[in-house]
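This briefing covers a ligand site, two sheets and a few backbone details. The structure comes first, and the notes follow by topic.

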Amino acid sequence: MTTDASDPIPPHKTFDTILVLDFGSQYSHLITRRLRELNVYSEMLPCTQKIADLGWTPKGVILSGGPYSVYWDDAPHVDPAVFELNVPILGICYGLQEIAWTFDNKNVLAGEKREYGHAYLKVERHGDGETGGHVDRLFADWEDNTEVWMSHGDKLGHLPTDFITVATTSNAPFAGIAHTSKKYYGIQFHPEVTHTPKGKVLLKNFAVDICEAQTNWTMSKFVDQEIERIRKLVGPKGQVIGAVSGGVDSTVAAKLMKEAIGDRFHAVLVDNGVLRLNEAKTVKETLTAGLGINLTVIDASERFLSRLAGVKDDPEKKRKIIGNTFIEIFQEEAKKIAAAAQQSSNAGEIEWLLQGTLYPDVIESISFKGPSATIKTHHNVGGLPKDMNLKLIEPLRELFKDEVRELGMNLGIPEDLVWRHPFPGPGIAIRILGEVTPEQVRIAREADHIFIEEIKAAGLYRNISQAFAALLPVKAVGVMGDKRVHDQVIALRAVETTDFMTADWYPFDGAFLKKVSRRIVNEVNGVCRVVYDITSKPPGTIEME
Ligand code: GLN
């Protein structure tokens with residue numbers, strides 16, 4: 001993991017940053033998202049963060065919501081030093097209660113009525129008067145009776161000392177409060193969710209107007225800074241190796257490395273024999289001819305397929321075989337590349353491993369899970385062995401997925417690739433139910449290709465989050481050319497989702513499905529039926545195995 005010590009210029013040192021302290025609300029990360037959408041850089045840390053250990057000064061702090069009650073014995077509390085930073089602070093829900101708790105001698109109690117859902121907010125303006133007007137600034141540009149979204153059971157007993165009310169709802173007399181002399185604010189509702197339509201205005205008022213954070217967080221600026229950062233980190237001779245898959249994250253990370261250190265970045269694509277139709281070839285073309293990345297493609301199809309032979313009803317076993325074989329091959333290749341790189345010119349050793357870790361992975365690993373839960377340390381999804389002795393370089397670790405896409409566009413990566421659906425590491429091996437044989441791979445690949453081709457032709461690719469064809473290893477009877485056939489079944493799966501945690505099947509129209517079905521049965525030898533999977537997640541998963 002890259003740390004501040006080895007990291008010369010982390011974004012919070014170059015961009016004005018709003019720090020979100022997370023009390024464990026399921027929406028905390030959305031606060032960070034919304035701020036970045038406003039081009040204000042924001043980072044999230046657990047509420048237990050010691051301010052003295054921070055090493056940088058935020059332009060403002062937001063205390064998030066959380067599932068606890070501040071009056072519980074083991075409730076999490078913010079480091080009081082946050083109030084000595086001398087920067088504006090906004091408490092949201094639990095955060096508001098935390099401010100009241102800190103400032104007014106434990107003044108929070110359980111409400112008689114839980115409030116969950118919409119409420120209508122009335123803004124109370126105070127004019128310049130004795131407070132100088134800062135109290136009105138949080139709700140600037142808000143009209144009365146604007147919809148807000150509530151999710152709480154606790155409430156303030158009374159207004160904390162030195163605070164005044166700046167907004168109310170029929171059930172919440174302290175829906176918005178502000179300190180009369182300091183720039184401390186609290187709101188009972190959630191501005192970060194889309195159910196609060198004007199929430200973004202409020203966050204902008206706080207971040208841009210009250211905290212005076214610059215709105216310079218743009219991907220073009222990030223590219224320049226990140227390239228500088230990588231160069232400093234790796235040094236003038238440093239070499240980096242990384243696996244690419246043809247997916248958006250690894251391609252964007254690879255292109256960024258290429259821009260920063262040229263051919264001292266070595267990309268490796270392992271063809272495991274279960275990639276999509278023509279995938280290895282297409283990825284090679286795009287990455288080398290198109291993007292100029294120094295890429296080695298290793299065709300290891302046979303090694304993978306021979307190890308998969310005979311594995312019939314244990315999907316986990318398939319995943320393990322593919323994962324372990326991948327690591328084995330990657331290590332072998334890394335040694336070869338390292339030896340070759342050292343021979344040529346006066347290049348240094350390969351010391352670094354590139355990983356396409358994204359901010360949600362980082363958030364997941366540091367997010368505050370409650371008073372009793374320990375905070376997980378970050379471990380990487382790629383699972384490459386420690387004994388490779390490589391330091392990790394993770395240029396996307398501050399970015400959300402849509403920022404990675406924007407960055408990809410900025411780096412000139414073709415739009416097609418930038419908007420690619422996710423593809424699992426074990427590839428179509430887990431879309432072939434039952435044994436994976438070269439013949440089954442052929443069938444699944446061809447069917448998948450037709451399905452995706454038709455989705456693209458119908459202009460639906462971007463409306464769908466993930467789509468593929470799976471091969472069901474059962475036989476059904478059909479009649480083709482007046483002849484009775486006994487062939488396998490293809491199941492089509494297409495889902496819509498925003499976070500991949502829950503998903504629903506895509507409602508294609510009948511004519512579309514008819515066309516895809518006709519093409520698959522006609523063009524793919526070995527298939528005589530096509531079905532459409534109408535299972536949502538949960539209870540289904542997106543992939544079949
Ligand atoms: N647990 C607190 C309450 O019920 C805070 C809830 C929240 O932050 N959404 O009021």
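Which atom of the ligand lies 3.0 Å from a backbone N or O atom of Tyr-94? It is an oxygen atom of the ligand. The model is predicted, and the points below start with the ligand and then turn to the sheets and the backbone.

**Ligand site**

- The residues around the ligand are Gly-65, Gly-66, Pro-67, Tyr-68, Cys-93, Tyr-94, Gln-97, Ser-151, His-152, Gly-153, Asp-154 and His-190.
- By class, this shell divides into four nonpolar residues, seven polar ones and one charged.
- Helix 3 (94–103) and strand 6 (146–156) each supply at least two residues of the shell, and strand 6 gives the most, with four residues.
- A polar backbone atom of Asp-154 is 2.9 Å from an oxygen atom of the ligand.
- On the side-chain side, a polar atom of His-190 lies 3.3 Å from a nitrogen atom of the ligand.
- On its own the ligand has 290 Å² of accessible area, and the protein covers 91% of that area.

**Nine-stranded sheet**

- Nine strands form an open sheet with mixed pairing, in the order 2-1-3-4-9-8-7-5-6.
- Strand 2 (41–46) and strand 6 are the edge strands, each pairing on one side only.
- From one strand to the next, the twist averages 25 degrees.
- Strand 6 thus has two roles in this account: it is an edge strand of the sheet, and it gives the most residues to the shell around the ligand.
- Strand 8 (residues 176–179) pairs with strand 9 (residues 184–187) in the antiparallel sense, over three bridges.
- Within that pairing, Ala-178 has Tyr-185 of strand 9 as its bridge partner.
- Helix 2 (residues 28–37) lies across strand 1 (17–22), strand 2, strand 3 (60–63) and strand 4 (89–92).
- The direction of helix 2 runs at about 165 degrees to strand 2.

**Five-stranded sheet**

- A further open sheet has five strands in the order 12-11-10-13-14, and its pairing is parallel.
- Its edge strands are strand 12 (295–299) and strand 14 (391–393), each of which pairs on one side only.
- Neighbouring strands here are turned against each other by 30 degrees on average, direction ignored.
- Strand 13 (residues 350–354) and strand 14 run parallel and are joined by three bridges.
- One residue pair in that contact is Leu-354 and its bridge partner in strand 14, Ile-393.
- Helix 5 (residues 219–234) packs on this sheet and touches strand 10 (239–243), strand 13 and strand 14.
- The direction of helix 5 makes about 170 degrees with that of strand 14.

**Backbone details**

- The peptide bond from Lys-537 to Pro-538 is cis, with omega near -15 degrees.
- A cis peptide bond also joins Pro-538 and Pro-539, where omega is about 10 degrees.
- Pro-538 lies in the segment after strand 18 (527–532), and Pro-539 is placed in the segment after strand 18 as well.
- Asp-141 is a residue other than glycine with a positive phi, near 65 degrees.
- The place of Asp-141 is the loop between strand 5 (108–123) and strand 6.

Terms used:
Residues numbered from 1 in each chain as written. Predicted model: local features only at pLDDT ≥ 70, side-chain atom pairs only at ≥ 80, totals over all residues. Heavy atoms only, no water. Near = heavy atom within 4 Å. Polar contact = N/O pair within 3.5 Å; in protein donor to acceptor, adjacent residues only side chain to side chain. Areas by Shrake-Rupley, 256 points an atom, 1.4 Å probe, with all protein chains shown as cover. Nonpolar A, V, L, I, M, F, W, Y, C, P; charged D, E, K, R; others polar. Pairing = 2+ DSSP bridges. Axes fitted to C-alpha atoms, helices over the stretch in contact; angles between N-to-C directions. Contact = heavy atoms within 4.5 Å.
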